[in-house]
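Open the model in your viewer and keep the selection box handy. We will go stop by stop, and each stop tells you what to select and what is there.

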Amino acid sequence: MTKPPKPKPLLQDVDKSVRSRPSKPRNPAQPNRPLDPMPDRIDPCLALLKPKPPKGPQWAFEVKWDGYRLSVHVEPTGIRILTRGGHDWTHRFPAIQQAALWLPVGSAILDGEAVVLDEKGRSDFGLLQQSLGGRGGKKRSSDAIFMAFDLLYFDGHDLRNSELDMRRHLLADLVPTGEQGDIRLSEEIEADGDQLLASACEHGLEGIIAKRRDAPYRSGRLGDWLKIKCIQSDSFVIVGYERSTVARAGIGRLLLAARKGDDLVYVGGVGTGFNERSAAELREQMDKLIIGKATVDTGRKRNAVFVDPKIVAEIEYRAWTHDGKLRHASYKGLRDVQDNAIPYQPRGRPGDRG
């Protein structure tokens, strides 16, 4: 767990009296700005998937973290840690909660990602899930850290209408660059987008994020933030599985679907990426949801078992086939239901969890 930060000395010379910086007289033409009410929660700004990094000085770049999107609320009554869907997970991240209590601020909302890092310092979603007890688990994770990449509210002021550069400037004052506690700054990287992406892929990272420097913070997937991945990875809903007498836990392939408006459309199956533990967890979850008839048209399947589409899986894949199916798909892990399935865009660029 993080140690509390050391207090900074008030004086450089103890023989001198303490003097504050002289305040500037207020311009009467600019009355004091009233305090903004602190939002109970804010829907996150989501990144739009693109095949290549954007060009131009108006874009700032960061590493793409692979974890759970969270907002950390520092309030007069204490700390709240909310998931993307608005669930209160404060109790599940005790180290992050403690680190938030030590932040030098009266009230704030930080946007970021809870991650667990591997031995090479890369975020690993599987390790994060294990630390929380798997999908539906109730464990508390002391291994997770919070990578903060935006500041939405700061000491009585709503910052969402401020441009990104201003929000990041204030965030860096709150969470200084290079600190290695349980709340860390997701640093902006000064580099050409193409070179940064190549480096990220070479080091086994998921990809990079590009953000417009002059943009306000807008909830939803509106294009102010872009994500460029080394390997495509998105969330799909499980609609069934094919039995196998030789595969782990009897699962030959998972049957997957994506959203198309209010409906689901079949996008193929995945039969790799499982280990004994994940396969057993999957089978236990799916066998509680068995239904008699498929909710989507999966074509003719041998030994298929259909399930109520309430489980969301993270799937890596290389591309789409001409008929809208996933190519070279591999199972990565389970997501929360709040993450939902991606929109069906096989010829475009599918969305993801955020």
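Two strands pair if DSSP finds at least two bridges between them. Helices (H or I, at least four residues) and strands (E, at least two residues) are DSSP runs, numbered from the N terminus. This is a predicted model: local features need pLDDT of at least 70, side-chain atom pairs count only at pLDDT 80 or more, and totals for chains, interfaces and linings use all residues. Residues are numbered from 1 along each chain as its sequence is written, and side-chain values use heavy atoms, with hydrogens and water left out.

**Stop 1: strand β5**

Select residues 108–115, which form β5. Eight of its eight residues are buried. Buried means under 20% relative accessible area, exposed means over 50%, and partly exposed is in between (1.4 Å probe, protein chains only). Now add β3, residues 68–75. β3 and β5 are antiparallel, with seven bridges. Click H73: its bridge partner in β5 is I109. Stay on I109, because this residue has a bridge partner in β6 as well: Y153.

**Stop 2: strand β6**

Select residues 145–154 for β6. Nine of its 10 residues are buried, so β6 is largely enclosed by the rest of the structure. Which strands pair with β6?

- β5 pairs with β6 in the antiparallel sense, over eight bridges. D111 has D150 as its bridge partner in β6.
- β8 (residues 183–185) pairs with β6 in the parallel sense, over three bridges. Click M147, then its partner R184 in β8.
- β7 (residues 157–158) runs antiparallel to β6, joined by two bridges. Y153 has D158 as its bridge partner in β7.

Zoom in on the link between β6 and β7. These strands form a hairpin with two residues between them. D155, in the turn, has a positive phi of about 45°.

**Stop 3: aromatic pairs**

Show the side chains of Phe, Tyr and Trp. Rings of these residues (for Trp, the six-membered ring) pair if their centres lie within 6.5 Å; planes under 30 degrees apart count as stacked, over 60 as edge-to-face and the rest as tilted. The structure holds seven aromatic pairs.

Select Y68 and F125. Their ring centres are 5.6 Å apart and their planes stand at 85°, so the pair is edge-to-face. Y68 lies in β3 and F125 in helix α2 (residues 125–131), so the pair ties together parts that are 57 residues apart in sequence. Is Y68 buried or exposed? Y68 is buried, and F125 is buried too. Add W89 and F93: ring pairs link Y68, W89, F93 and F125 into a cluster.

Next, select F236 and Y317. This aromatic pair is edge-to-face, at 6.0 Å centre to centre and 75° between the planes. F236 is in β11 (residues 232–243) and Y317 is in β15 (residues 304–317), so the pair links distant parts of the chain, 81 residues apart. Both F236 and Y317 are buried.

**Stop 4: Q129**

Go back to helix α2 and click Q129. Q129 is buried, with a relative accessible area of 8%. Its side chain reaches the backbone oxygen of L334 at 2.2 Å.

**Stop 5: charges over rings**

A charge sits over a ring if NZ of Lys or CZ of Arg is within 6 Å of the ring centre and within 35 degrees of the ring normal. Select K211 and W225: K211 lies over the face of W225, 3.8 Å from the ring centre. Then select R212 and W59. The charged end of R212 sits over the ring of W59, 5.4 Å from its centre.

**Stop 6: an open sheet**

Select β1 (48–49) and β2 (59–63). They belong to an open sheet of four strands in the order β1-β10-β9-β2, with mixed pairing. β1 and β2 stand at the edges with a single partner strand each, so one side of each has no neighbour in the sheet. Add β9, residues 207–212: β2 and β9 are antiparallel, with five bridges. E62 has I209 as its bridge partner in β9.

**Stop 7: helix α5**

Finish with residues 276–287, helix α5. Which of its residues are buried? S278, A279, L282, Q285 and M286 are. They cover an arc of only 130° around the axis (taken from the directions from the helix axis to the C-beta atoms), which puts them on the same side of α5. On the other side, E276, R277 and E284 are exposed.

Definitions and conventions:
Polar contact = N/O pair within 3.5 Å; in protein donor to acceptor, adjacent residues only side chain to side chain. Expected span 1.5 Å × (residues − 1).
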